[in-house]
Amino acid sequence: MEKPKKKHILLFYCVESEPLARKIAEQSPFIQLQSINWRSFEDGFPNLFINNAQDIRGQHVAFLASFSSPGVIFEQLSVIFALPRLFVASFTLVLPFFPTGSFERMEEEGDVATAFTMARILSNIPISRGGPTSLVIYDIHALQERFYFSDQVLPCFETGIPLLKQRLHELPDADNVVVAFPDDGAWKRFYKQLQHFPMVVCTKVRDGDKRIVRLKEGNPEGCHVVIVDDLVQSGGTLIECQKVLAAHGAAKVSAYVTHGVFPKQSYERFMHENSAEKPFTYFWITDSCPHTVKAIAGKAPFEVLSLAGSISDALQI
């Protein structure tokens, strides 16, 4: 069967995603960057202008978003809802990090599942001439969240795990790597993608008001253990997991998360320059959270595995 011809994509982007957008454009001659004037009125509300709006008619259009805080979401949604209505051939929204993904459950009446709220908002993106919007998200917190979206959008759930696997194979001790999961949720989320690695699973148990991390299964002794999860916030669980693995004889401990959220500069807890101890040999994140990427640039033990190539491929789906 003859391969379909590649689409020419016009890629718009928000301000903080410009570095990633430029990397994506470098991956393919079929991706051309476009610009938006991100301005504000005196009262603080957005004053936006999509440049060359008439020239994008009949073209395949994409927008690279970053919902890093509630304050930037409205201006980006304004553009996201406008682009499909400009008679474009198709529209793709790339939202590498779905920020409310971990708030998907109700534990008691009155809890608000904001993951569902965000999914409902994105489900109302106008249909373009080519049909429903394609929505590309990386390592959403729970795969069942695809059912939060209506049929008006087509969620495409991608993963950063292939980037991790490639990096692990480049390590000098690649044959001695063991993958660890900080809890059963992370194991369920990722174990099928990492089955060819030996595995260790930790678990959290309650001790009064505290939640203690313990080793549930597997043997980390003498190995380079890499903790894998979808995201990190304060990093407390990763730190406790590292201590448990080291206590059970791990030779080295590293970590990978797709989304390095790190509110309140919590990434500083992991930096080698702040401590004589170096509990984490490597800490890999992707560039799904632009503010974090800028903050940790060149600072050990952090390394950024870029999603640019993967996003470039996803835009051709």
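Let me begin with a term: a residue is called buried when its relative accessible area is under 20%. The model I am showing is a predicted one, and with that in mind I would like to start at helix H3, which spans residues 114-122 and in which Ala115, Met118, Ala119 and Leu122 are buried. If you look down the axis of H3, these buried residues fall within an arc of 100°, so they line one face of the helix. What, then, covers the buried residues of H3? The cover includes helix H2, at 70-82, together with strand S6 at 90-94, strand S7 at 133-138 and strand S8 at 153-158.

Staying with H2 and S6 for a moment, the loop between them holds phenylalanine 87, a residue that has a positive phi of about 60° although it is not a glycine. Its relative accessibility is 46%, so phenylalanine 87 counts as partly exposed. There is a second case of this kind in glutamine 265, where phi is near 55°, again positive in a residue other than glycine. Glutamine 265 sits in the loop between strand S13, residues 252-260, and strand S14, residues 283-286, and with 47% relative accessibility it too counts as partly exposed.

Let me turn to the strands around S10, which covers residues 199-207 and runs parallel to strand S9, residues 177-181, the two being joined by three bridges. Within that pairing, alanine 180 stands opposite valine 200 in S10. On strand S11, residues 210-217, the sense is antiparallel, and S10 pairs with it over seven bridges, with valine 201 opposite glutamate 217. S10 and S11 form a hairpin with two residues between them, and glycine 208 in the turn has a positive phi of about 70°.

Now to the cysteines, where the count of disulfides comes to zero. Cysteine 202 deserves some care here, since the nearest cysteine sulfur, that of cysteine 241, is 3.3 Å away, whereas a disulfide would require the sulfur atoms to be within 2.5 Å. Cysteine 202 has a relative accessible area of 0%, and therefore it is buried. Cysteine 223 is likewise in no disulfide, and the nearest cysteine sulfur, that of cysteine 202, is 14 Å away; at 11% relative accessibility, cysteine 223 counts as buried.

My next topic is the aromatic rings. A pair of aromatic rings is described by the distance of the centres and the angle of the planes. The count comes to 13 aromatic pairs, and one of them joins phenylalanine 280 and phenylalanine 283 in a tilted arrangement, with 6.0 Å from centre to centre and 45° between the planes. Both phenylalanine 280 and phenylalanine 283 are buried, and ring pairs link them with Phe262, Tyr267, Phe270 and Phe302 into a cluster.

Which residues does glutamine 242 contact, leaving aside its neighbours within four places in sequence? They are Ile227, Val253, Pro279 and Phe280, the last of which also belongs to the ring cluster. Glutamine 242 itself is found in helix H6, residues 236-247, and it is buried, with a relative accessible area of 11%. Separately, arginine 167 lies over the face of tyrosine 282, at 5.4 Å from the ring centre.

I will finish with a backbone detail, a cis peptide bond between alanine 300 and proline 301, for which omega is about 10°. Proline 301 has its place in the loop between helix H7, at 290-296, and strand S15, at 302-305.

Notes. Residues are numbered from 1 along each chain as its sequence is written. This is a predicted model: local features need pLDDT of at least 70, side-chain atom pairs count only at pLDDT 80 or more; totals for chains, interfaces and linings use all residues. Side-chain values use heavy atoms; hydrogens and water are left out. Rings of Phe, Tyr and Trp (its six-membered ring) pair if their centres lie within 6.5 Å; planes under 30 degrees apart count as stacked, over 60 as edge-to-face and the rest as tilted. Buried means under 20% relative accessible area, exposed over 50%, partly exposed in between (1.4 Å probe, protein chains only). A charge sits over a ring if NZ of Lys or CZ of Arg is within 6 Å of the ring centre and within 35 degrees of the ring normal. Helices (H or I, at least four residues) and strands (E, at least two) are DSSP runs, numbered from the N terminus. Contact means heavy atoms within 4.5 Å. Two strands pair if DSSP finds at least two bridges between them. The arc is that of the directions from the helix axis to the C-beta atoms.
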